[in-house]
Amino acid sequence: MSIDQTVLLIGAVLWIVMVLGAILGWSQIRSASRLPFFMLRRKRAAAGWRLILLSASAGIFATGVTLFGREAAYTLVPPTPSVTPTPTVTPTPSITPTPTITPIPSITPTPSITPTPTETGTPELPYGVFVRIRETVTPNPSSVFSPIQVARRLSNYRAIDPSDKFVLPVGRLYGAFTYDFLENGTAWTALWYRGPDLVCVERKPWDGGTGGRGYTECLPEGGWTAGSYEIQMFLGEA
């Protein structure tokens, strides 16, 4: 069961407890007025008010879980996607990427240039680049990635001061994103390009869970040089 499903289940149980507690409590208070003895009426009425107080508390907790449960869960149990580039290369056949590929705006070493994303055809994994990995899960057609935000630093998988242009010298850069409906075991690939040149690759079975935040990182061999860059991500086995 995923984190999202667990939060929804807890919220539903709390709402049910609230409704049942209110119904039973009110029933106890009403029935107490029909008892002939004062002490019995008092005990039953007190029990009814306790049930109503319990239902009110359950309603408060249910509201909190509904509004803030998912964010709190991801803070306490952050997802852990792969972040290590794979340097090994072996010729493999090309594969057809899923429709969830998200190119980001290119980066530039000078503030006087404002890059814009370049419209291209459907990206494909380059022929003869990757080591074949064992894919245990077929990619989910509903899998989605958010637009990637590039930054020098991350905090809890969130990009700090993201930008689409950077001034040299630049160290390691991170591409942060959110994702949903992924399945562990699906082949996952992230490619960093400078123009037509591939400068960073990471590829392995996905292990970050069904939904949350993740990132890819890159520091080209020899460092960054001036130019326009692009990140491409793929799901599926080559």
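The torsion about the S-S bond of Cys200 and Cys218 is about 80 degrees, so the disulfide in this predicted model is right-handed. The sulfur atoms of Cys200 and Cys218 lie 2.0 Å apart, and the count for the structure comes to one disulfide. Cys200 belongs to strand E7, residues 197-205, whereas Cys218 belongs to strand E8, residues 212-218; the bond therefore ties together parts that are 18 residues apart in sequence. Cys200 and Cys218 are both buried.

The setting of this bond is a chain in which strands follow helices. The secondary structure of the protein chain comprises two helices and nine strands. Read from the N terminus, the order of elements is α-α-β-β-β-β-β-β-β-β-β. Of the 238 residues of the chain, 40% count as buried. Among contacts with a separation of 6 or more, 78% are between residues 24 or more positions apart.

Confidence varies along the chain and should be kept in view. The mean pLDDT is 77, and 72% of the residues reach 70 or more. Over residues 108-121, pLDDT stays under 50, and the model has 22 contacts beyond four places in sequence for this segment. Where pLDDT is low, the predicted coordinates should not be read in detail.

Strand E6 offers a route from the disulfide-bearing strand E7 to another part of the fold. E6 spans residues 187-194 and is mostly covered, with seven of its eight residues buried. E6 pairs with E7 in the antiparallel sense over eight bridges. Within this pairing, Ala187 of the chain stands opposite Pro205 in E7. The hairpin of E6 and E7 has two residues between the strands, and Gly195 in this hairpin takes a positive phi near 60 degrees.

E6 also pairs with strand E9, residues 229-235, again in the antiparallel sense, over seven bridges. Here Leu191 has Gln232 of E9 as its bridge partner.

A side-chain contact can be followed from E6 as well. Thr189 is placed in strand E6. The relative accessibility of Thr189 is 0%, so this residue counts as buried. The side chain of Thr189 nevertheless has a polar partner: it makes a polar contact with the side chain of Arg203, at 2.5 Å.

Charged side chains provide a further set of links. Side chains of opposite charge can pair when their charged atoms come close. The structure holds two salt bridges. One of them is formed by Arg172 and Glu217, whose closest N and O atoms are 3.6 Å apart. This pair links distant parts of the chain: Arg172 lies in the loop between strand E4 (158-160) and strand E5 (173-180), Glu217 lies in strand E8, and the two are 45 residues apart. Arg172 has a relative accessible area of 35% and is therefore partly exposed. Glu217, in contrast, counts as buried because its relative accessibility is 13%, below the 20% cut-off for burial. Strand E8 thus contains Cys218 of the disulfide as well as Glu217 of this salt bridge.

Lys204 and Asp207 form a salt bridge through their side chains, with an N to O distance of 3.6 Å. Lys204 is partly exposed, since its relative accessible area is 31%. Asp207 is likewise partly exposed, at a relative accessible area of 35%.

The loop that precedes E6 brings in one further residue. Phe181 lies in the loop between E5 and E6. With a relative accessible area of 46%, Phe181 is partly exposed. Leaving aside neighbours within four places in sequence, Phe181 is in contact with Asn140, Ser142, Ser143, Val144 and Thr210. The C-alpha atoms of Phe181 and Phe145 are separated by 9.4 Å, although these residues are 36 residues apart along the chain.

Taken together, these features can be traced from strand to strand. E7 is joined to E8 through the disulfide of Cys200 and Cys218, and E7 pairs with E6. E6 in turn pairs with E9, while E8 is linked through Glu217 to Arg172 in the loop between E4 and E5.

How values were computed:
Residues are numbered from 1 along each chain as its sequence is written. Side-chain values use heavy atoms; hydrogens and water are left out. pLDDT is the predictor's confidence in each residue, from 0 to 100. Contact means heavy atoms within 4.5 Å. A disulfide is a pair of cysteine sulfur atoms within 2.5 Å. Helices (H or I, at least four residues) and strands (E, at least two) are DSSP runs, numbered from the N terminus. Buried means under 20% relative accessible area, exposed over 50%, partly exposed in between (1.4 Å probe, protein chains only). Two strands pair if DSSP finds at least two bridges between them. A polar contact is a pair of N or O atoms within 3.5 Å; within protein, one must be able to donate a hydrogen and the other to accept it, and residues adjacent in sequence count only if both atoms are side-chain atoms. A salt bridge is a side-chain nitrogen of Lys or Arg within 4 Å of a carboxyl oxygen of Asp or Glu.
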